[in-house]
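Dear colleague,

Please find below the structure for your review. My notes on the ligand site and on the internal cavities follow it.

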Amino acid sequence: MSFQHEQTPSAISDRPRAQVLIIGAGINGIATFRDLALQGVDVVLVEKNDYVSGASSASSHMIHGGVRYLENGEFRLVKESVEERNSLLKIAPHYVKPLQTTIPIFSAFSGVMAAPLRFLTHKQGAKHVERGALLIKIGMMIYDAFSRDGGTVPRHEFKGRTKALAALPMLNPGLKYTATYYDAAMHDPERLALDVLRDGLEAGPHARAANYVEAAGMNDTGVLLRNTITGEEFRFEADVVVNTSGPWTDLTNEVLGQPSTFMGGTKGSHVVLDNPELLAATGGREIFFEHEDGRIVLIYPLKGRVLVGTTDLEHDMTQPIRCTEEEIDYFFDLVAHVFPTVTVNRSHIVFRFAGVRPLPRHDDEAPGFVSRDYRIESRPLPRTGAANGTLLSLVGGKWTTFRALAENLSTDILKLLGLPRTVSTEGLAIGGGRDWPATEAATLVWVTAHGDEVGVDRAAALLARYGTRASEVIDFLADPAGAPDAPLAHNAAYTRREIEFLASTEGVVRLLDVLLRRTSMAFVGDVTTPLIEELTLVVAPVLGWDAGRRAEEIELTRRILSDVHGVELGPVSHNNALVS
Ligand SMILES: Cc1cc2nc3c(=O)[nH]c(=O)nc-3n(C[C@H](O)[C@H](O)[C@H](O)COP(=O)(O)OP(=O)(O)OC[C@H]3O[C@@H](n4cnc5c(N)ncnc54)[C@H](O)[C@@H]3O)c2cc1C
């Protein structure tokens with residue numbers, strides 16, 4: 001089922017009123033939208049850019065308990081995170097998978113005394129002392145204790161140097177131990193968020209959402225919403241306005257005439273490397289460790305590439321969010337620290353990205369130790385067009401805890417509206433995780449049952465890509481009324497009809513939405529100029545793009561890929577149908 005109709009700006013401007021208006025469609029706005037939609041609340045979600053294009057597109061792709069937050073004393077958050085991780089492995093098994101994680105440890109005792117002191121002070125510039133084996137062992141034991149829920153993930157294991165190097169021979173031979181434990185990985189955060197969004201939209205016409213619509217002001221007739229593509233503006237009334245604009249929360253409140261100083265986001269960057277030697281060195285595990293400056297960093301195999309990150313730098317939200325050359329030098333340095341014999345250089349980078357964590361304002365506290373927990377700020381709002389309006393602002397909120405956070409936030413909203421909770425999202429399967437074939441035998445049955453029209457190999461590939469929602473994709477591909485299907489000439493992993501399906505059912509507005517968020521073509525470094533040109537021609541008839549718009553999309557795509565993601569492409573061809 002398509003969610004196209006309820007997700008256009010006109011679906012919102014045609015009926016410019018709802019009980020709840022949510023501003024910002026990162027994972028937390030989207031999950032809150034889903035929760036409220038399932039309760040039958042009249043709710044609207046708007047996003048100034050594409051869905052999941054802010055902090056939620058810049059994560060380390062981990063669904064994790066946050067073992068390192070234990071030293072910050074954030075036991076509530078770690079417990080909730082571990083519970084949510086275990087739950088997501090069950091309710092979103094198509095996108096959330098167990099992740100074996102190894103920590104190389106270079107000293108036995110360092111940090112045991114320093115950690116509690118750090119918990120008390122955490123000031124910028126505090127002297128760094130490496131976390132030693134004993135401290136990590138204590139952390140792992142607490143982590144295991146939180147993980148006890150019927151054995152979702154195995155317990156941690158410590159190895160001495162000889163056994164550690166036998167398992168991962170490319171590791172720095174100067175290490176003393178390794179600790180290995182399990183967290184979870186989400187290979188496709190953007191697709192997981194789109195599934196959460198779809199669950200909300202499918203609850204009924206009372207749930208409406210639109211990307212490329214921003215909150216641009218507020219007066220006594222309501223919130224001013226603006227279509228960021230056409231510039232069209234309209235007023236919107238709501239009883240409760242919810243600001244889930246992540247690191248932009250203060251800027252959004254400012255625009256609404258409700259200035260706040262809640263936020264103090266820090267920037268983190270990543271690079272994606274195409275480096276088979278490094279990929280092999282990881283042994284398929286995430287290598288999670290403390291770099292020489294005390295930051296916890298990671299090297300992590302993903303989609304046949306290696307993700308390396310991340311940094312933690314103060315950031316002014318009015319400035320561009322970019323991965324800098326200095327950060328790249330830092331990444332190469334950390335790889336050399338753990339895998340000293342593996343060669344890594346700039347020619348291996350296929351994609352880079354950066355985002356700002358929506359952290360609370362933290363004054364002189366060092367960025368790495370700022371609380372990762374979330375809170376909800378409430379203030380009366382006499383100016384939404386309705387009596388007794390309220391503005392709720394979300395401060396913080398990780399990817400891992402999105403379901404629990406949304407439940408808490410929407411419980412507050414239900415109270416304000418005087419409505420009961422009728423549905424719990426706890427244990428409720430998400431999107432293509434519904435009826436997931438969990439065993440090899442069940443997968444074979446699914447693939448065989450759906451392989452008639454597209455072949456079993458393609459059915460298996462689509463199941464891996466979309467979960468059980470692949471059945472809708474297969475129906476679309478096999479529709480006799482549609483054009484004949486064929487692999488894309490410049491990326492055979494996708495077909496023309498599959499791209500048409502995404503463009504016609506998933507709220508695609510720009511070509512970049514396809515490359516960055518409906519597929520992972522850009523992430524793995526598969527984008528070329530001929531691919532962009534081909535995709536533009538496939539998408540154009542679906543979205544009604546004329547020659548001028550096609551040329552505009554190609555130019556914008558090339559510019560953003562270069563400026564934001566460091567992807568330099570060959571020249572555009574001038575002899576095809578693109579600009580005719
Ligand atoms: C480097 C890095 C690594 C991370 N790694 C992890 C990890 O491994 N695991 C984990 O659990 N978490 C991780 N996080 C944290 C996690 O990604 C974020 O906390 C989470 O995605 C925040 O989601 P959000 O919905 O609150 O904010 P966002 O995703 O930023 O969404 C806010 C949205 O609001 C929109 N918006 C802003 N202003 C307006 C307006 N006026 N009108 C309409 N829309 C507006 C923005 O465009 C944006 O899309 C990481 C974060 C970073 C930056």
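In this predicted model, a nitrogen atom of the ligand lies 2.7 Å from a backbone N or O atom of Met62. Two side chains also offer an N or O atom to the ligand: that of Asn28 is 2.9 Å from a ligand oxygen atom, and that of Lys398 is 3.5 Å from a ligand nitrogen atom. The ligand taken alone exposes 1000 Å², of which the protein buries 96%.

The shell around the ligand holds 38 residues, and Met62 is among those that come nearest, together with Glu47, Ser56, Gly397 and Thr400. By class, the shell comprises 19 polar, 14 nonpolar and 5 charged residues. Helix H2 (27–38) and strands S8 (213–219), S11 (266–273) and S16 (349–357) each give two or more residues to this shell.

I also report on the enclosed space. The whole structure contains 2 cavities of 30 Å³ or more. The largest has a volume of about 40 Å³, and its lining includes Thr102, Lys159 and Arg285. Helix H6 (161–167) and strand S6 (177–186) each supply at least two of its lining residues. This lining divides into 3 nonpolar, 3 polar and 2 charged residues.

The second largest cavity encloses about 30 Å³. Helix H2 contributes two or more residues to its lining, as does helix H11 (402–417). Among the lining residues are Ala31, Arg34, Asp35, Phe402 and Arg403; by class, the lining has 4 nonpolar, 1 polar and 3 charged residues. Helix H2 thus appears both in the ligand shell and in the lining of this cavity.

Yours sincerely

How values were computed. Residues numbered from 1 in each chain as written. Predicted model: local features only at pLDDT ≥ 70, side-chain atom pairs only at ≥ 80, totals over all residues. Heavy atoms only, no water. Near = heavy atom within 4 Å. Polar contact = N/O pair within 3.5 Å; in protein donor to acceptor, adjacent residues only side chain to side chain. Areas by Shrake-Rupley, 256 points an atom, 1.4 Å probe, with all protein chains shown as cover. Helix = DSSP H or I, 4+ residues; strand = E, 2+ residues; numbered from the N terminus. Nonpolar A, V, L, I, M, F, W, Y, C, P; charged D, E, K, R; others polar. 1 Å grid on protein atoms, 1.4 Å probe; cavity = no way out; pocket = protein on both sides within 12 Å on 5 of 7 lines; lining within 4 Å. Points joined across faces, edges and corners; volume = space filled by probe spheres on them.
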